[in-house]
Amino acid sequence: MKLDLKCVRDSLIALEEMSDLDNNLVPKVLYIEDFLENSNTSKYSKKVIVYTLERLCDGGLINANFKRSRAKLYSATITELTFDGHQYLEAISNSKIFDMAMSKLDELGSGVTLDILKGLCTKLLKEKLGL
């Protein structure tokens, strides 16, 4: 299955919006259903959201726990962005910069890593800021 870069961005934005700490400073627990109902991620199928969140967890960008039995997902809890997740989101959160980066990547017509997307967004933002 191919990783949807737009879903990556939208999932990180949704998680940042929905995550919180309770009065005991314990992270709020979120579920797949929360992402299915969030305005940023509701346009994606459950399959795409789960795949994206699992890859973000694998990559150390979010704190989450996925439990499977006989390859069937029976529990998924998502709590918050990691420090790296916040840094990554900062690099790709600007919609104009992200769209410019996606346009450049579409011209290539091939796959791209998350690090390349982050680097391209950072480069484009620096150019816009005159740095």
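Between the axes of two helices, angles under 35 degrees count as roughly parallel, over 145 as roughly antiparallel, 65 to 115 as roughly perpendicular and the rest as oblique. The model used here is predicted, so that local features need pLDDT of at least 70 and side-chain atom pairs count only at pLDDT 80 or more, while totals for chains, interfaces and linings use all residues. Residues are numbered from 1 along each chain as its sequence is written, and side-chain values use heavy atoms, with hydrogens and water left out.

**Exercise 1.** Work out how helix α1 and helix α3 are oriented to each other, and which residues make the contact.

*Solution.* Helix α1 covers residues 5–18 and helix α3 covers residues 46–58, and the two pack at an angle of about 75 degrees with their axes 10 Å apart. The two helices are therefore roughly perpendicular. On the α1 side the contact (heavy atoms within 4.5 Å) is made by Cys7, Val8, Ser11 and Leu12, and on the α3 side by Val48, Ile49, Thr52, Leu53 and Leu56. Sorted by class, this contact has 7 nonpolar, 2 polar and no charged residues.

**Exercise 2.** Describe the orientation of α1 and α5, and list the residues through which they touch.

*Solution.* The axes of α1 and α5 lie 11 Å apart, and the helices pack at an angle of about 165 degrees. Because of this angle, α1 is roughly antiparallel to α5. From α1 the contact takes in Leu5, Lys6 and Arg9, and from α5 it takes in Ser95, Phe98, Met102 and Leu105. By class there are 4 nonpolar, 1 polar and 2 charged residues in the contact of α1 with α5.

**Exercise 3.** Carry out the same steps for helix α5 and helix α6.

*Solution.* Helix α5 (residues 95–108) packs against helix α6 (residues 114–129) at an angle of about 120 degrees, and their axes are 9 Å apart. These two helices are therefore oblique to each other. Residues of α5 that meet α6 include Ile97, Phe98 and Met100, while among their counterparts in α6 are Leu117, Leu120 and Cys121. The contact has 11 nonpolar, no polar and 2 charged residues.

**Exercise 4.** Find which arginine lies over the face of Phe98, and which over the face of Tyr51.

*Solution.* A charge sits over a ring if NZ of Lys or CZ of Arg is within 6 Å of the ring centre and within 35 degrees of the ring normal. Over the face of Phe98 lies Arg9, at 5.0 Å from the ring centre, and over that of Tyr51 lies Arg55, at 4.8 Å from the ring centre.

Methods
Axes are lines fitted to C-alpha atoms, for helices over the stretch in contact, and angles run from 0 to 180 degrees between N-to-C directions. Helices (H or I, at least four residues) and strands (E, at least two) are DSSP runs, numbered from the N terminus. Ala, Val, Leu, Ile, Met, Phe, Trp, Tyr, Cys and Pro count as nonpolar, Asp, Glu, Lys and Arg as charged, and the others, Gly among them, as polar.
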